[in-house]
Amino acid sequence: MNDILGYQGQNVVITGAASGMGRAAAQLLVDLGAQVYALDIAEVTVPVARALKVDMKDAASLDAAIAQLPADIYALFNCAGVPSPPFGRDDTVLINFSGLRYLTESLESRITEGGAIASIASTAGMGWRGALDGVRRFLALDKGLDSARQWLQDNSETVFDGYSFSKQCIIVYTMSRAAELAARGIRINCIAPSPTESGFMVALKGEGQIPDEAVELFLPPNGRYATGADMGQPLVLLNSKLAGFVSGLNIPVDFGYTAQVLMGQRDDLMGIGA
Ligand SMILES: NC(=O)c1ccc[n+]([C@@H]2O[C@H](COP(=O)([O-])OP(=O)(O)OC[C@H]3O[C@@H](n4cnc5c(N)ncnc54)[C@H](O)[C@@H]3O)[C@@H](O)[C@H]2O)c1
């Protein structure tokens with residue numbers, strides 16, 4: 001088989017593979033011949049090499065999974081995440097960012113030269129410039145989930161919205177780590193998806209009681225919700241050898257939403273251009 005993306009026979013680790021974007025990426029990686037290790041709190045139905053139950057906000061459960069992952073890893077896909085509401089502020093930050101950071105830093109010595117890390121941020125994180133001081137103070141902690149939890153309790157005035165803060169952290173973390181990882185030949189990027197039909201969206205609108213009209217303010221100019229595959233595919237591309245000189249980027253995957261905002265063609269509701 002023509003292995004233009006370079007995944008054939010490679011070990012890859014992916015969180016959030018039970019549903020949505022992560023499931024789409026995991027299926028594609030299996031189809032491309034990768035040995036896929038999937039980490040999720042829910043059951044993974046994609047026929048991966050190994051599925052491990054983890055709770056991203058629980059260091060002991062992450063450690064148990066990390067112990068079962070291979071010594072050499074080609075690519076890490078950080079896809080697990082929850083909306084807030086309905087999840088509480090601190091749990092949202094711990095699941096969406098602190099667990100992601102803990103896993104990334106626990107595995108990065110196993111990532112081989114030429115390997116890569118890709119995470120899912122959000123349009124909601126793209127106002128990171130306005131929150132940089134608080135984000136940097138949070139990132140200055142060690143990777144431990146206990147320190148993160150304590151800091152969130154002590155700094156409740158800094159974090160108004162757990163979801164936006166968690167995604168701002170992913171973007172700033174991605175850019176901050178790029179140079180250091182480049183020295184070892186490893187790339188790191190993230191994507192910022194526009195609204196996507198998935199378990200996340202069901203939870204946001206259902207239990208979270210966010211009305212359709214509020215979400216639709218962020219739909220791309222093509223007027224449609226993305227699918228899991230619309231996001232899973234660019235993630236697989238970003239971590240592939242075809243993107244071998246791409247690092248340190250947050251890439252909006254939004255069919256032109258960010259472009260419209262930056263060109264003043266629609267309101268900047270997230271402070272993206274600030
Ligand atoms: N759906 C959207 O509109 C949208 C937009 C921007 C960003 N995102 C981000 O995209 C990523 C993927 O979400 P999705 O839309 O595919 O939603 P999804 O709900 O379909 O998938 C999320 C996955 O994360 C897993 N997960 C949730 N909590 C977990 C935990 N504590 N430990 C381990 N796994 C856990 C779920 O079981 C699920 O498999 C998330 O990080 C989300 O924040 C989503």
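Helices and strands are DSSP runs numbered from the N terminus, a helix being H or I over at least four residues and a strand E over at least two. The model shown in these views is predicted.

**View A. An open sheet of seven strands, paired in parallel.** The strand order is β3-β2-β1-β4-β5-β6-β7. At the edges are β3 (50-53) and β7 (249-253), each of which pairs on one side only. From one strand to the next, the twist averages 15 degrees.

**View B. Pairing of β6 with the edge strand β7.** Five bridges join β6 (residues 187-193) to β7, and the pairing is parallel. In one of these strands, β7, Leu249 is the bridge partner of Asn189.

**View C. Helices α1 and α3 against the sheet.** Helix α1 (residues 20-31) touches β1 (11-15), β2 (35-40), β4 (73-78) and β5 (111-120). The direction of α1 makes about 165 degrees with that of β1. Helix α3 (residues 89-107) lies across β1, β4 and β5, and α3 runs at about 175 degrees to β4.

**View D. Packing of α1 on α9.** Helix α9 (residues 228-238) packs with α1 at an angle of about 55 degrees, and the two axes are 7 Å apart. The angle makes α1 oblique to α9. The crossing of the two helices, α1 and α9, is right-handed. On the α1 side, the residues in this contact are Gly20, Met21, Arg23, Ala24, Ala25, Leu28 and Leu29. They meet Gly228, Ala229, Met231, Gly232, Gln233, Leu235 and Val236 in α9. By class, the contact of α1 with α9 has nine nonpolar, four polar and one charged residues.

**View E. The shell of residues around the ligand.** The ligand is surrounded by 29 residues, of which Gly20, Gly81, Ser198, Gly199 and Phe200 are the closest. Two or more residues of the shell come from each of α1, α3 and α7 (199-205). By class, the shell holds 15 nonpolar, eleven polar and three charged residues. Gly20 also appears in the contact of α1 with α9.

**View F. Cis peptide bonds in the loop between β4 and α3.** Pro85 is in this loop between β4 and α3, and Pro86 lies there too. The peptide bond from Ser84 to Pro85 is cis, with omega near -5 degrees. The bond that joins Pro85 and Pro86 is cis as well, with omega about 10 degrees.

**View G. Gln209 in the loop between α7 and α8 (212-216).** Gln209 is not a glycine, yet its phi is positive, about 55 degrees.

Terms used:
Residues are numbered from 1 along each chain as its sequence is written. This is a predicted model: local features need pLDDT of at least 70, side-chain atom pairs count only at pLDDT 80 or more; totals for chains, interfaces and linings use all residues. Two strands pair if DSSP finds at least two bridges between them. Axes are lines fitted to C-alpha atoms, for helices over the stretch in contact, and angles run from 0 to 180 degrees between N-to-C directions. Two residues are in contact if their C-beta atoms, placed from the backbone, lie within 7 Å. Angles under 35 degrees count as roughly parallel, over 145 as roughly antiparallel, 65 to 115 as roughly perpendicular and the rest as oblique. A crossing is left-handed if the near helix is turned anticlockwise from the far one by less than a right angle, and right-handed if clockwise. Ala, Val, Leu, Ile, Met, Phe, Trp, Tyr, Cys and Pro count as nonpolar, Asp, Glu, Lys and Arg as charged, and the others, Gly among them, as polar. A residue is near a molecule or strand if its C-beta atom, placed from the backbone, lies within 6 Å of it.
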